[in-house]
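Visitor: I am new to this structure and should like to understand the terms used to describe it. May I ask how each of them is justified?

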Amino acid sequence: MKGNLYLAWSSDKEIREKGDTGGAVTSLLKFAVESGIVDAVLAVKKRNGNRYDGVLSLMTDPGEVIESAGTLHCAPVNVAKEVKEYLDGAKAMKMAATCKPCDARAIIELAKRGQINIENLILIGLNCTGTLLPAVARTMIKEEYEVDPDDVVREDIDDGKFIITLRDGTKKERDLNGLEEKGYGRRENCRRCAINIPRMADIACGKWGTKDKKATFIEVCSRRGSELIERAIEAGALIVEQPDEEAVEGRERKDKEAIELGKAWEKRDLDVLRWLPYEDRLKYWSRYFNRCIKCFGCRDVCPICYCQDCYLEPERGFVRRGETPPDIMFQLVRLAHVTDSCVNCGQCQDVCPMEIPLTRLYHMLNRELSSMFDYIPGMDISDYPPLTTVTDEELAIDDVNVFKKNLEGNKQRGK
Ligand code: SF4
Ligand code: SF4
Ligand code: SF4
């Protein structure tokens, strides 16, 4: 089913007008719950109409789904954590959930660990080139665009620009790079993100390739996704047409540009750290680790950190009751547990009250492991994290090139 492409719109005028790209995603969600394909829909809504306060909502009433129409760039919600922690890992209920690529990847990593029942989920992936922290976005709009942030009705990231649309229809744009040089713009992890079309979800939706049409470009990525789309078309909930070559190429070009931008930021943020002499590297990270107040926020918010009995709690016998874990131990336990599966979602850094650039560390080490083991977390449900599949024989190999060669041989033999 991978590879079916559509340009799609909602057949419902109200949804079409409310959605930023023709309302196809909202219509699909509404159809999924209305038709009984799922029991509920999980999507982001504005709390009290405030676009800087996006919250995940579980909706069982099809009439309510329209409230989730429209794109919010300043709502970096944590979909995987919500499903795992508060919705019982989707074990008792079928759900259609909208998700960014990093959300879908975290869901897949949790499913591999038996924490989420992915069979009960339909992942409606949304293309993403970055999200902003709400407080940073408000300050940026006030300072750099000189408008009231509450007058903004839409944001867009396109052609290296951050564009806002105001209530009266006026558009204002600023160079994204320039904003980010000043410390505004996307979250740090998002700048380095190079997985922008969520092909690991059941369907991938976005505006790239729609040219000037107010439509959604949909790529079907699984049988579940295909069934949903086909039934929605059959029922008349969705109007579709085949995208022409120009549209397909336009989408690919945008994706390529986003990947290049992500890689440029990765080089800029991480290469300097990667090649620092050992002593300087130690100094760099110790300075940050010593700041840590052990609030446990990064652990609690991380979708990949899922153990019920954590080594950092006294119950496990490594930390004395009434004391906090030592600086280095705290970070090393986290690193050992999440590095091979970190999806660079940025949630840990967002919550850190001491402004420790945690994603810089996790992303850097994850990239090292990825290239060594040829494993990118969250891309394929049947591909298991390296630290869960490594054998004694592989551990005994001390030449990394021999190790890689063996690994390649095993993959080709399907081991
Ligand atoms: S990490 Fe990537 S997918 Fe996740 S919010 Fe940022 S840009 Fe989007
Ligand atoms: S370590 Fe941080 S960036 Fe990585 S998955 Fe956990 S919360 Fe996300
Ligand atoms: S969120 Fe920051 S301060 Fe809190 S435990 Fe994690 S690293 Fe330390």
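Guide: Contact here means heavy atoms within 4.5 Å. The model before us is a predicted one. By that rule, and leaving aside neighbours within four places in sequence, Thr 26 is in contact with Ile 15, Val 65, Ile 66 and Ala 69.

Visitor: Why is Thr 26 called buried?

Guide: Buried means under 20% relative accessible area. Thr 26 has a relative accessibility of 6%, so this residue counts as buried. Its place is in helix α2, residues 24–34. The C-alpha atoms of Thr 26 and Lys 213 are separated by 17 Å, and these two residues stand 187 residues apart along the chain.

Visitor: What makes Asp 88 partly exposed?

Guide: Partly exposed covers the range between under 20% and over 50%. Asp 88 has a relative accessible area of 46%, and is therefore partly exposed. Asp 88 lies in the loop between α3 (79–86) and β4 (95–99). Although not a glycine, Asp 88 has a positive phi of about 55 degrees.

Visitor: On what value does the class of Asp 374 rest?

Guide: Asp 374 has 46% relative accessibility, so it counts as partly exposed. This residue is found in the loop between α14 and α15 (386–389). Its phi is near 55 degrees, a positive value in a residue other than glycine.

Visitor: How is the protein chain divided into domains?

Guide: The division gives domain 1 (4–129 + 195–258), domain 2 (132–185) and domain 3 (276–383). Taken over C-alpha atoms, the centres of domain 2 and domain 3 are separated by 32 Å.

Visitor: Which residues have the most contacts inside the largest nonpolar core?

Guide: They are Ile 107, Leu 121, Leu 123 and Trp 285, in a core of 54 residues. The largest share of this core, seven residues, comes from α4.

Visitor: Why is this core said to lie between two domains?

Guide: Domain 1 (4–129 + 195–258) and domain 3 (276–383) both give residues to this core, so it lies between them. Apart from it lies another core, of 27 residues, among them Val 38, Ala 96, Cys 205 and Leu 238.

Visitor: Which residues surround ligand 1?

Guide: Around ligand 1 are Lys 100, Pro 101, Cys 102, Cys 128, Thr 129, Gly 130, Thr 131, Arg 187, Asn 189, Cys 190, Cys 193 and Asn 344. The elements giving two or more residues to this shell are α4 (101–112) and α7 (188–191). By class, the shell around ligand 1 holds five nonpolar, five polar and two charged residues.

Visitor: What makes up the shells around ligand 2 and ligand 3?

Guide: The shell around ligand 2 has nine nonpolar, three polar and one charged residues. Of the 13 residues there, Cys 302, Cys 342, Cys 345, Gly 346 and Cys 348 come nearest. The shell around ligand 3 has 11 nonpolar, one polar and one charged residues. Of the 13 residues surrounding ligand 3, the closest are Cys 292, Cys 295, Phe 296, Cys 298 and Cys 352.

Visitor: Are Cys 342 and Cys 345 buried or exposed?

Guide: The limit for buried is under 20%. Cys 342 has 14% relative accessibility and therefore counts as buried. Cys 345, at 11%, is likewise buried.

Visitor: How many disulfides does the count give?

Guide: A disulfide requires a pair of cysteine sulfur atoms within 2.5 Å. By this rule the count is zero.

Notes: Residues numbered from 1 in each chain as written. Chains lettered and ligands numbered in written order. Predicted model: local features only at pLDDT ≥ 70, side-chain atom pairs only at ≥ 80, totals over all residues. Heavy atoms only, no water. Near = heavy atom within 4 Å. Helix = DSSP H or I, 4+ residues; strand = E, 2+ residues; numbered from the N terminus. Nonpolar A, V, L, I, M, F, W, Y, C, P; charged D, E, K, R; others polar. Core = buried A, V, L, I, M, F, W, Y, C linked by side-chain atoms within 4.5 Å. Buried < 20%, exposed > 50% of the residue type's maximum accessible area, 1.4 Å probe, protein only. Domains from an automatic or database assignment.
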